[in-house]
Amino acid sequence: MIALWALLGIGLAILGQVFVFRATQPGNDGFLPASYDSAAALRISEESFGARPDSDPVTVLVARTDGGALGGSDERRIEEVSAQLAGRKVVMPRNEDDPPFGQDHSQVPRIGAGMTAPDRSFRLLSVELKGNPEDPGVQGTYREFREQARTAFAEAGMRTGFTGGLASTVDTADAEKTRSAVVGAVVMGLIVLLHVLVFRSVAAALLPLLAVAVIGGAAAGAVILASMATGIRLAPSTPGLINVVLMGIGIDYFLFLLFRFREQLRRHPGQTGREAAREVAGRVGTAVTSAALTIVAAFATLGIASFGQFRVLGPAIAVSVLVMLLGSLTLMPALLAVTGRKMFWPSRALKREPREGVAGGLGRLTARRPVVLVLASVALLGALTAGLAGMRMDYGQSGADGERTAAVETAAEISRSLPAGVSDPTSVLVAATDGAALGAERVAGLAGALSRVPGVGQVAPTVLSEDGKAARIDLLLTVESGGQKARDLVSGPVRETVRAHLPAGTEAHVGGTASVFADIAVAVDEDLRVIFPVAAVLIAVILLVLLRSLLAPVVLMLAVGLGFAATLGASTLVFQHGLGRPGVDFTLPLVLFLFVVALGTDYNILISDRVREEMGRPGPARAAVARAVRHTAPAIATAGLVLAASFGSLAVSPHAGTQQTGFATAVGILLSALVLSIVLVPALAALLGRSLWWPLRPRTRGGEHRAERAEAERVPVG
């Protein structure tokens with residue numbers, strides 16, 4: 001089994017790395033349904049103007065090195081150099097470690113004439129490369145072009161600046177490179193250190209990471225190959241998000257097995273590693289399977305979303321989690337069976353009864369003071385939930401926050417002389433529906449009306465398609481295209497003007513970044529109203545089947561619901577009220593609902609399954625809860641800390657949306673693990689006793705081990 005997973009994991013991981021950027025689709029406009037205005041504009045742009053989905057625009061600023069105004073001779077030199085660059089193939093740089101069968105992104109750039117600043121301080125050129133901007137090969141090709149352009153214009157006495165989509169992506173990637181490496185190393189170091197502190201073992205610290213890396217590589221590779229086979233493109237963030245999710249839940253599941261494996265070996269000193277692994281896999285496997293299926297069900301509901309990025313993300317993570325579940329039930333027990341007691345070397349903890357510790361004390365406190373713990377937990381979660389007051393959604397692009405990259409500086413220089421939207425115009429696409437050719441005079445009335453819309457700084461000359469049956473009118477807005485003002489302007493006055501002045505026998509649609517995000521806002525709002533209840537019902541059904549109770553699923557769902565509200569409230573307090581952001585990122589409620597509810601339910605399933613098992617033994621129900629907390633709290637706390645560290649690493653990203661996702665998910669997981677699963681749910685179980693499992697109660701088993709009976713009698717319940 002170990003050999004099979006090694007071959008499968010390494011092979012699929014390599015294939016996944018090779019094809020990952022062919023399986024992803026850059027941008028957001030391609031994920032919107034065709035019925036949305038911006039999607040219809042994209043269709044006309046592709047059909048009539050040859051726009052390419054993989055187009056990467058770059059705006060190049062060219063100015064005199066002495067800061068003087070451009071003269072006629074300067075303009076001619078700029079045109080000459082531009083022509084030279086447009087006729088020269090840019091060869092993608094190759095590194096020694098690049099796979100020989102990787103895609104070659106060498107290409108000839110498209111270069112078009114742009115605008116000249118009113119004060120003639122600079123001239124803009126529009127450059128177009130092609131490829132996925134997240135692909136290192138495409139980024140290397142852009143860097144090569146940038147160097148060629150700098151050198152060519154420097155020889156002509158000119159300086160250059162680069163901004164726009166691909167330039168911003170590369171500059172941000174360069175700025176993040178060192179930080180990402182450091183953060184990744186720190187997170188891995190913390191995870192290993194935490195394992196060492198808990199198990200006092202080298203193997204128990206490193207094997208979980210190795211196993212999860214192998215299974216995660218297989219899962220990510222399977223998703224990418226499935227995407228290639230079906231033609232369903234992934235969002236650029238999906239592969240990275242899959243890695244974070246699998247790292248977190250994979251280590252969680254291994255920890256659940258490790259803690260129970262250690263407990264099993266302590267109780268049965270004469271048992272072999274294979275026997276203990278088989279028994280542990282059987283006991284914990286049910287809880288792990290139910291926990292994984294909860295995540296699968298939650299994310300699978302995204303398949304009904306109208307926004308394509310959600311609709312693809314859900315099944316992708318669901319498939320990944322299923323692969324991780326398969327590995328958790330096969331590879332992880334196999335590793336336990338092979339290593340046996342050596343898993344915990346050099347620790348001698350297996351030879352002695354562990355001390356009661358904090359978990360034991362918490363278990364006794366839960367049995368004695370359940371009402372106090374319930375009230376304290378609800379008060380904490382309620383206080384955080386109060387942060388939801390006045391919450392707003394931010395539908396911005398979640399771009400870099402506070403990063404003064406070269407691309408940002410160039411964009412700022414351009415905006416001081418030209419409208420802010422000059423490097424990212426809003427386009428009105430007009431297509432004839434009556435079969436007649438469109439002329440500039442036929443759309444002149446629409447162009448004139450658009451020029452009078454407040455917020456439209458300039459209307460570029462109308463561009464006709466080659467067949468004359470479509471026209472493009474570019475609008476240069478006075479506000480940044482990624483902001484709320486641009487979205488309000490495009491979705492309101494601009495679209496209203498287009499409808500009011502639409503030439504007879506034509507259709508017209510508004511495209512561009514602002515239009516895309518305005519439509520995404522509508523699509524996401526509609527999706528949230530559908531996905532939330534459907535996911536909640538599916539999770540409740542899984543809990544019902546697992547726990548075989550009507551009351552227990554209600555208790556758990558109420559607990560995770562309160563945890564979700566508290567997490568979203570805490571995020572609103574920090575980012576909107578504390579840091580003055582326009583609001584919380586538009587994807588945050590959905591991401592939190594899925595991660596906090598689904599992953600939080602994992603911990604609740606583990607503690608509930610152990611409570612049910614302990615209540616099947618003779619003795620008071622509260623004593624059973626105390627034993628369940630004592631044995632399970634360390635696993636839940638350790639798993640929660642590991643998972644929170646994995647997601648928390650995203651909080652140091654310069655991207656506002658990624659920051660919020662990392663911070664909020666880490667907080668939500670900590671609340672789920674340390675408050676809901678270790679305190680609130682056990683306290684409610686202690687209050688309700690065996691009636692928690694109504695209408696079926698756990699059967700009391702006879703013939704218990706004498707030590708287990710003594711432990712049951714030892715716990716005071718007050």
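The second largest cavity of this predicted model encloses about 50 Å³ of space. Its lining is formed by Leu-241, Phe-299, Leu-302, Phe-310, Leu-313, Ile-317, Leu-590, Val-591, Leu-594 and Phe-595. Two elements, helix H9 (308–339) and H17, give two or more residues each to this lining. H17 makes the largest contribution, with 4 residues. By class, the lining of the second largest cavity comprises 10 nonpolar residues. Polar and charged residues are absent from that lining.

In total, the structure contains 2 cavities of 30 Å³ or more. The largest cavity has a volume of about 60 Å³. Leu-547, Ala-552, Val-555 and Leu-556 are among the residues that line the largest cavity. Ser-608 and Val-611 also belong to this lining. So do Val-681, Pro-682, Leu-684, Ala-685 and Leu-692. Three helices each provide at least two of the lining residues: H16, helix H17 (588–615) and helix H19 (656–688). The largest share comes from H19, which supplies 4 residues. The lining of the largest cavity divides into 10 nonpolar residues and 1 polar residue, with no charged residue. H17 thus appears in the description of both linings, at the largest cavity and at the second largest cavity.

H16, which lines part of the largest cavity, also packs against another helix. Two packed helices are described by the angle between their axes and the distance between the axes. The axes of helix H11 (residues 370–385) and helix H16 (residues 551–578) come within 7 Å. They cross at roughly 45 degrees. H11 is therefore oblique to H16. The crossing of H11 past H16 is left-handed.

The contact between these helices can be given residue by residue. On the H11 side, Val-378, Leu-381, Leu-384 and Thr-385 take part. On the H16 side, the partners are Leu-562, Ala-565, Ala-566, Gly-569, Ala-570 and Leu-573. By class, the contact of H11 with H16 consists of 8 nonpolar and 2 polar residues. No charged residue takes part in this contact. Charged residues are likewise absent from the lining of the largest cavity and from the lining of the second largest cavity.

Conventions:
Residues are numbered from 1 along each chain as its sequence is written. This is a predicted model: local features need pLDDT of at least 70, side-chain atom pairs count only at pLDDT 80 or more; totals for chains, interfaces and linings use all residues. Side-chain values use heavy atoms; hydrogens and water are left out. Axes are lines fitted to C-alpha atoms, for helices over the stretch in contact, and angles run from 0 to 180 degrees between N-to-C directions. Angles under 35 degrees count as roughly parallel, over 145 as roughly antiparallel, 65 to 115 as roughly perpendicular and the rest as oblique. A crossing is left-handed if the near helix is turned anticlockwise from the far one by less than a right angle, and right-handed if clockwise. Contact means heavy atoms within 4.5 Å. Ala, Val, Leu, Ile, Met, Phe, Trp, Tyr, Cys and Pro count as nonpolar, Asp, Glu, Lys and Arg as charged, and the others, Gly among them, as polar. On a 1 Å grid over the protein atoms alone, a cavity is a set of points where a 1.4 Å probe fits but cannot get out, and a pocket is an open set with protein on both sides within 12 Å along at least five of seven lines; lining residues have an atom within 4 Å of a point. Grid points are joined across faces, edges and corners, and a volume is the space filled by probe spheres set on the points.
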